[in-house]
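Thanks for making the time this morning. I would like to walk you through one structure and talk about how its side chains pair and pack, so please keep the sequence and the view in front of you.

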Amino acid sequence: MTPAPSRRNLLTLAAATGALAGLPTYTATAAPDRPDSLPYSGSSDTTLWWQAPADEHSMIEQGLPVGNGRLGALASNDPGRELLLVTDATMWTGGLNDTLDADGQFPYGRTDFGSFTLLARLTVDLPDHDLSTVNGYRRALDLARGVLTTSYVRSGVTYRREIFASHPDDVIVLHFTQSGGGRYTGSVTLEGTHGEGETGVSFGAAFPNGLRYGAAVKAYGSGGRVAVHGTRIDFSGCRELTVLVSGGTNYAPDARTGYRDPALDPQKLARAKVRDAAAHSADVLLRTHAADHHALFGRLDLSLGTSTAEQRALDTWERLTARARDGVPDPELEAQYLQFGRYLMIAGSRDSLPLGLQGLWLDGNDPDWMGDYHTDINIQMNYWMADRAGLSRSFDALTDYCLAQLPSWTDLTRRLFNDPRNRYRNSTGRNAGWTVAISTNPYGGGGWWWHPAGNAWLCNSLWEHYEFTGSRTHLERIYPLLKGACEFWEARLLTITLPGSTREVLIADSDWSPEHGPLDAKGITYAQELVWALFGNYCVAAAELQRDSGFAATVAGLRKRLHLPQVSPKTGWLEEWMSPDNLGETTHRHLSPLVGLFPGDRIRPGSSPSDLVAGATALLTARGMESFGWANAWRSLCWARLKNAENAYRLVVNNLRPSSDGSNGTAFNLFDIYEVAKGRGIFQIDANFGTPAAMIEMLLYSRPGHIELLPALPDAWAASGSVTGVGARGGFVVDLRWTDGIPIEARIRSVGGRTTAVEFGGTSRTVTVRPGASVTLKDFAR
């Protein structure tokens with residue numbers, strides 16, 4: 001792991017970038033210790049704003065998120081009562097959960113499997129600042145600096161507060177200032193959310209599973225008094241006030257210690273963190289944070305065109321509403337949505353556990369599906385955007401998680417996968433390697449059904465990160481995961497003779513095409529495609545690392561014998577099961593049989609057999625254009641792969657529709673809402689990442705040795721635009737400008753790759769460039 005930059009270095013970077021002055025334009029070089037550093041010159045508007053605070057009872061739809069990758073919060077921004085719902089990524093109940101019930105499922109509840117939960121509630125009460133007594137209210141989220149700002153006027157005085165979650169100092173900071181002679185008087189209260197009782201300025205406790213946790217708060221001001229009185233901090237007559245909060249658990253990513261650090265005292269550590277941060281002024285804390293945040297955020301800039309003055313005059317919620325009502329493209333808003341996804345990635349995925357169903361943000365201790373890690377699409381979708389959007393560092397949390405869980409996953413597979421209660425056990429009677437359940441927790445445990453192909457999909461995601469970065473260190477780290485997954489499938493595959501043929505092929509044993517159709521289907525397309533890709537990736541990895549040549553040869557032989565999906569003569573669709581019949585719902589949310597189109601590459605227009613592409617297109621068409629946010633995002637990515645720009649764009653627009661009464665769509669705070677029942681919607685974060693990934697895929701498609709520019713550029717973005725810092729598989733970063741749908745300049749920068757073809761409009765050029773250098777291409781007229 002690269003050492004964290006010093007505060008001095010961060011402040012130097014901050015001064016160079018202009019990140020501290022809140023300037024809309026930056027000129028910066030991203031952190032120089034990484035091979036994917038990219039000069040950045042931003043021009044897009046990356047500030048979201050609203051004219052109303054959050055309702056304390058609707059925080060998940062209205063609260064604004066901050067986070068440092070481990071510690072997060074939703075903020076209400078109410079003038080008279082600032083509420084922060086504070087989380088730590090490792091604040092989990094439950095445990096290993098190493099039993100199966102009578103139906104062969106892992107128990108799946110908040111006690112046995114466990115749940116992601118809140119850490120604390122922090123309130124700053126300002127009794128004389130009730131919303132009814134102020135005017136000119138505005139709150140804004142500066143995505144580029146990672147700062148949430150609230151301002152309003154009361155009695156002729158302008159009050160302002162800034163909230164941010166600092167990664168360098170590992171604290172959440174609330175800084176209250178004013179101009180015009182005003183003063184702050186009120187109180188700060190820190191409370192636990194698990195029955196800890198009166199907590200004071202810090203607290204510590206433990207769950208029944210033995211996980212210890214704690215939090216602490218500290219406040220300091222100028223021009224007035226700040227003092228602790230019992231369970232709260234009182235302040236009076238302060239010209240400025242700074243409140244610091246930190247906390248965490250003694251979770252450790254080590255199966256050997258039961259995923260605990262017995263020597264760590266979270267309460268004591270939280271006290272030390274707020275004390276150390278308080279040694280610096282709020283201005284210094286902000287400068288340090290802004291520099292650190294911008295070193296990541298500034299790796300990608302985006303313009304999809306120019307919005308109208310009327311659109312720009314609207315706040316973010318009004319713009320979403322107008323976009324849906326009028327059907328008029330708002331390209332700057334659409335670019336902001338993509339950048340909001342990048343902001344959430346930086347805020348939610350650094351140095352801790354990866355992003356689950358709700359990312360780092362909660363409004364209570366009972367998130368649906370426990371806020372877990374679903375391995376049949378959701379955790380993978382959360383990370384499709386990272387490498388594409390210049391945030392490869394944020395991907396590391398997923399890699400670290402899989403490696404930390406591998407010993408437990410391997411042990412559970414050995415002990416329980418061939419249990420006679422497991423409907424998906426191996427008919428061969430053999431067992432090896434590892435796999436996972438549909439749901440996983442941070443303690444090596446599974447929930448719900450076993451998910452045999454989940455190991456292949458996780459491995460393929462880790463492999464794709466290698467294709468983007470070319471990091472040999474990453475490849476060496478994930479090699480045991482790839483090999484263990486291949487060992488599992490070597491033991492699982494069945495040999496059959498195809499009907500009407502003498503040809504023998506290998507197929508997956510009984511399984512469920514997520515989460516769709518019969519529970520005992522053999523040779524499901526989903527598994528066949530994922531295992532085919534896994535075997536190919538493993539063979540390349542073994543050759544690259546010069547390991548296990550004999551086993552790699554065995555895997556290569558298995559791959560050649562795998563049955564690959566066909567097009568149904570009845571439906572004209574790519575088959576989901578080894579049957580010409582549709583055995584499920586036509587418009588089902590999952591696109592499991594299309595994993596070979598996206599995220600896979602086996603099905604490609606222009607290079608795959610035309611009937612295979614037509615079958616994939618027919619199935620995608622049948623699935624429809626209306627679904628949950630994450631399902632729309634996946635559909636959009638598939639249409640982008642098929643180079644159907646307008647369908648891909650329409651699905652992006654569908655996800656931007658304002659959610660009303662829990663309907664599918666975008667909430668007031670831009671979180672994606674998943675309608676679980678009429679009138680009831682929940683926050684599920686995967687669409688907030690999957691939709692930006694689709695937008696990037698519309699601008700650039702890549703695989704090792706091949707980059708295609710503007711493969712699915714919709715009319716709404718065609719007039720003019722630019723993007724800098726897009727990751728391309730094969731070890732490249734691409735900057736691109738276009739006019740009238742045609743690239744006018746493309747810079748291909750190597751971060752390890754050496755040769756690639758660059759294509760636009762059917763014309764291809766071969767580019768050779770040494771690592772660290774770049775080549776600029778022009779003259780792309782059709």
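Let me start with Phe671, which counts as buried, its relative accessibility being 0%. Please keep in mind throughout that what we are looking at is a predicted model. Phe340 is buried as well, with a relative accessible area of 1%.

Now, these two phenylalanines belong to a wider set, since a search of the whole structure turns up 37 aromatic pairs. In the pair made by Phe340 and Phe671, the ring centres are 6.5 Å apart and the planes stand at 40°, so this pair is classed as tilted. Phe340 sits in helix α7, residues 331–348, while Phe671 is in the loop between β26 (665–666) and β27 (672–677), so the contact ties together parts that lie 331 residues apart in sequence.

A second pair has another geometry: the rings of Phe417 and Phe488 have their centres 5.1 Å apart and their planes at 80°, so we call this one edge-to-face. Here too the pair links distant parts of the chain, with Phe417 in the loop between α10 and β20 (436–440) and Phe488 in helix α12, 71 residues apart. Both Phe417 and Phe488 are buried. Beyond these pairs, there is one aromatic cluster that is formed by Trp92, Tyr108, Phe113, Tyr373, Tyr401, Trp409 and Trp434.

Let me move on to charged side chains. As a general reminder, side chains of opposite charge can pair when their charged atoms come close. How many salt bridges does the structure hold? The number is 45, and I will take you through three of them.

One of them joins Glu191 and Arg121, whose side chains meet at 4.0 Å, nitrogen to oxygen. Glu191 is in strand β12 (residues 184–192) and Arg121 in strand β7 (residues 120–125), so this bridge connects distant parts of the chain, 70 residues apart. Both ends have some access to the surroundings: Glu191 is partly exposed at a relative accessible area of 32%, and Arg121 is likewise partly exposed at 25%.

Another bridge brings the side chains of Arg477 and Asp400 together at 2.8 Å, again nitrogen to oxygen. This pair links helix α12 (residues 472–492), where Arg477 lies, with helix α10 (residues 392–416), where Asp400 lies, and the two residues are 77 apart. Arg477 counts as partly exposed at 35% relative accessibility, and Asp400, at 27%, is partly exposed too.

The third salt bridge is between Glu467 and Arg729, with the closest N and O atoms 3.2 Å apart. Glu467 belongs to helix α11 (residues 454–469) and Arg729 to the loop between β31 (720–728) and β32 (732–739), so the bridge ties together parts that are 262 residues apart in sequence. Buried or exposed, what are Glu467 and Arg729? Each of the two is buried. They also take part in a network of salt bridges, whose members are Arg388, Glu464, Glu467, Asp601, Arg641, Glu697 and Arg729.

Next, a look at a single helix, α14, which runs over residues 549–561. At 1.5 Å a residue, its 13 residues should span 18 Å, and the C-alpha atoms at its ends are 19 Å apart, which agrees. Phe551, Ala552, Val555 and Leu558 are the residues to pick out here, for they are buried in α14. Seen down the helix axis, the buried residues fall within an arc of 120°, so they line one face of α14. The general background is that an α-helix has 3.6 residues a turn, so residues three or four places apart point the same way. The buried residues of α14 pack against α12, β23 (504–507) and α13 (525–545), whereas Ser549 and Lys560, on the other side of the helix, are exposed.

Finally, the cysteines. Why does a search of the whole structure find 0 disulfides, if we take Cys402 and Cys539 as examples? The sulfur of Cys402 has its closest cysteine sulfur in Cys459, at 7.6 Å, which is too far for a bond, given that a disulfide needs the two sulfur atoms within 2.5 Å. For Cys539 the closest cysteine sulfur is that of Cys486, at 7.1 Å, and this is also too far. Both examples are buried, Cys402 with a relative accessible area of 1% and Cys539 with 19%.

Terms used. Residues are numbered from 1 along each chain as its sequence is written. Side-chain values use heavy atoms; hydrogens and water are left out. Buried means under 20% relative accessible area, exposed over 50%, partly exposed in between (1.4 Å probe, protein chains only). Helices (H or I, at least four residues) and strands (E, at least two) are DSSP runs, numbered from the N terminus. The expected span of a helix is 1.5 Å times one less than its number of residues. The arc is that of the directions from the helix axis to the C-beta atoms. Contact means heavy atoms within 4.5 Å. Rings of Phe, Tyr and Trp (its six-membered ring) pair if their centres lie within 6.5 Å; planes under 30 degrees apart count as stacked, over 60 as edge-to-face and the rest as tilted.
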